[in-house]
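Q: Could you take me through the ligand site of this model in some detail, and then through the local features elsewhere that I should know about? I would like one connected account.

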Amino acid sequence: MHGRHVVLGVTGGIAAYKSADLVRRLIERGAEVQVVMTTAAREFVGAATFQALSGREVRQDLWDPAAEAAMGHIELARWADLVLIAPASADFLARLASGQADDLLTTLCLATEAPIVAAPAMNRLMWANEATQANVATLVHRGVQLWGPGEGEQACGETGPGRMLEPLELASRVAALFGATDLLAGRRVLVTAGPTRERIDPVRFISNRSSGKMGFAVARAARLAGAEVTLVAGPVALPTPPGVRRVDVESAAEMLDAVLREVAGVDIFISTAAVADYRPARAAEQKIKKHSDRLDIAMERTVDILGTVAQRPGRPFVVGFAAETEAVEQHARTKLVKKNLDMIAANEVGDRKVFEQDDNALVVLWHGGRQELPCGSKQVLAQALIGLIAGRFADARAAAAR
Ligand code: CTP
């Protein structure tokens, strides 16, 4: 995270005391942190601690002429590589959702082009309240990432969802968002990518427009997150990401064989490949000659690689992809359930959308949750996706251990 600029917004909540530790964790990892406090935050913690830990004067007021002269709020919004609001109170989420700009932090959020992440912290009933949930839905729809809240005992003595994620966890996720991390250190990840080619005869095949870029970006991001990564790739013209072991295949059948060979001991399987659903039932041994006006090719179904892995006993954490032309989320959720997946990343595809492009946008779904990853480069999206996968994987592990 060296040289990365984080604006840390601290809003009014008891968890604000934990944000001091968060500043330390971010700085330990090389980030530069500018703390911005709301008026309510000052009821819970003083600015002096943040100032000492961040080495920067804490910004508190939109109308502070001295601070504005040093770095105006628009400049600060531009300076940020990330705006992280932790803790994010119910009130702040409401103000952000309604687009207010009546203090420094809300103004920064409106004026920045950097990703915005909120780590909510509040009483469980306040979190569950319909108004809060509607605000959260609006924010997520606009591309604000919500990290947490976690579950557990709350400052008010109640138990349930509403705790701010721990500073260490938040710092790891920030690092994941920026690239290099240890989020998946010691984990083995298997990724499939690219199209497959299904042979018609020795010189012809059926394939699709997948470039493999998303899958290669996912493999790279998993490697940057510290995982040992194997990438099973269909025929694509892409360089192997550094530190990734690559196995080249051509057809769906070869991809299945490679995946079944490699899957033992894998913690996370991410299936980004655009595997052919059908292949010619019989590939001709010799080049087909144009004897007649019409040529029919009988096709048969290929094996669903993702579905096969998801059905295995002791299977890894399984992430699928769904490329849809309509009702994206609905189709993706059906696939999540039908294929017994832990997570699915869906995108809308069309004539000129996604395939062969460098940019993409995803909606990621899991049982009981969703997160939109707004349009960005496939590299940046892949890093955000790996952050999400690592979070859900850790949650699944913790739940299994309980
Ligand atoms: N997949 C796979 N093996 C196949 C086909 C698909 O592993 N033979 C995986 C893809 O890598 C992707 C997911 O399954 O992760 C896509 O699901 P799928 O239901 O095949 O999507 P579509 O082909 O779009 O299906 P449908 O025609 O039902 O929409």
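A: Happy to: the ligand site comes first, and a few backbone and side-chain details follow. Please keep in mind that this is a predicted model.

Let's start with the shell around the ligand. It is made of 15 residues, and the closest are Ser 271, Ala 273, Asp 277, Leu 306 and Phe 321. Two elements, helix α12 (305-311) and strand β16, each supply at least two residues of this shell. The top contributor is β16, which gives three residues.

Now for the polar atoms. On the nitrogen side, a backbone N or O atom of Ile 305 lies 3.0 Å from a nitrogen atom of the ligand. Thr 302 takes part through its side chain, where a polar atom is 3.4 Å from a ligand nitrogen. An oxygen atom of the ligand, in turn, is 3.0 Å from an N or O atom in the side chain of Lys 339. As for cover, the ligand on its own has 580 Å² of accessible area, and the protein covers 72% of that.

Strand β16 is also a good way into the backbone details. This strand spans residues 317-324, and the loop between β16 and α13 (328-338) holds Ala 327. Phi of Ala 327 is near 40°, a positive value in a residue other than glycine. Ala 327 is partly exposed, because its relative accessible area is 33%, and the cut-offs put buried under 20% and exposed over 50%.

On the other side of α13, the loop between that helix and β17 (343-348) contains Asn 340. Here too phi is positive in a residue other than glycine, with a value near 60° for Asn 340. With a relative accessible area of 35%, Asn 340 is likewise partly exposed. These two angles deserve a look because most residues other than glycine have a negative phi, and most peptide bonds are trans.

That brings us to the cis bonds. One joins Ala 86 and Pro 87, with omega at about 0°; Pro 87 is found in strand β3, which covers residues 82-88. Another cis peptide bond links Gly 148 and Pro 149, with omega at about 5°. In this case the proline, Pro 149, is in a loop, the one between β5 (145-146) and β6 (150-153).

Next, a surface feature. Tyr 278, Leu 295, Ile 297 and Met 299 form a nonpolar patch on the surface, and their accessible area together is about 370 Å². Within the patch, Met 299 belongs to strand β15 (residues 299-301). Met 299 counts as partly exposed because its relative accessibility is 36%.

A buried acid makes a good last stop. Glu 262 lies in helix α11, which runs over residues 252-262. Its relative accessibility is 13%, so Glu 262 counts as buried. The side chain of Glu 262 makes a polar contact with the side chain of Arg 245 at 2.4 Å. Leaving out residues up to four places away in sequence, Glu 262 touches Arg 188, Leu 190, Thr 230, Arg 245 and Val 247. Arg 245 thus appears both as the polar partner of Glu 262 and among the residues that Glu 262 touches.

Methods: Residues are numbered from 1 along each chain as its sequence is written. This is a predicted model: local features need pLDDT of at least 70, side-chain atom pairs count only at pLDDT 80 or more; totals for chains, interfaces and linings use all residues. Side-chain values use heavy atoms; hydrogens and water are left out. Patches are made of residues with over 30% relative accessible area and no salt bridge: like charges are joined within 9 Å, nonpolar side chains (Val, Leu, Ile, Met, Phe, Trp, Tyr) within 5 Å. Accessible areas come from the Shrake-Rupley method with a 1.4 Å probe; for residues, only the protein chains shown count as cover. A salt bridge is a side-chain nitrogen of Lys or Arg within 4 Å of a carboxyl oxygen of Asp or Glu. Helices (H or I, at least four residues) and strands (E, at least two) are DSSP runs, numbered from the N terminus. Buried means under 20% relative accessible area, exposed over 50%, partly exposed in between (1.4 Å probe, protein chains only). A polar contact is a pair of N or O atoms within 3.5 Å; within protein, one must be able to donate a hydrogen and the other to accept it, and residues adjacent in sequence count only if both atoms are side-chain atoms. Contact means heavy atoms within 4.5 Å. A residue is near a molecule or strand if one of its heavy atoms lies within 4 Å of it.
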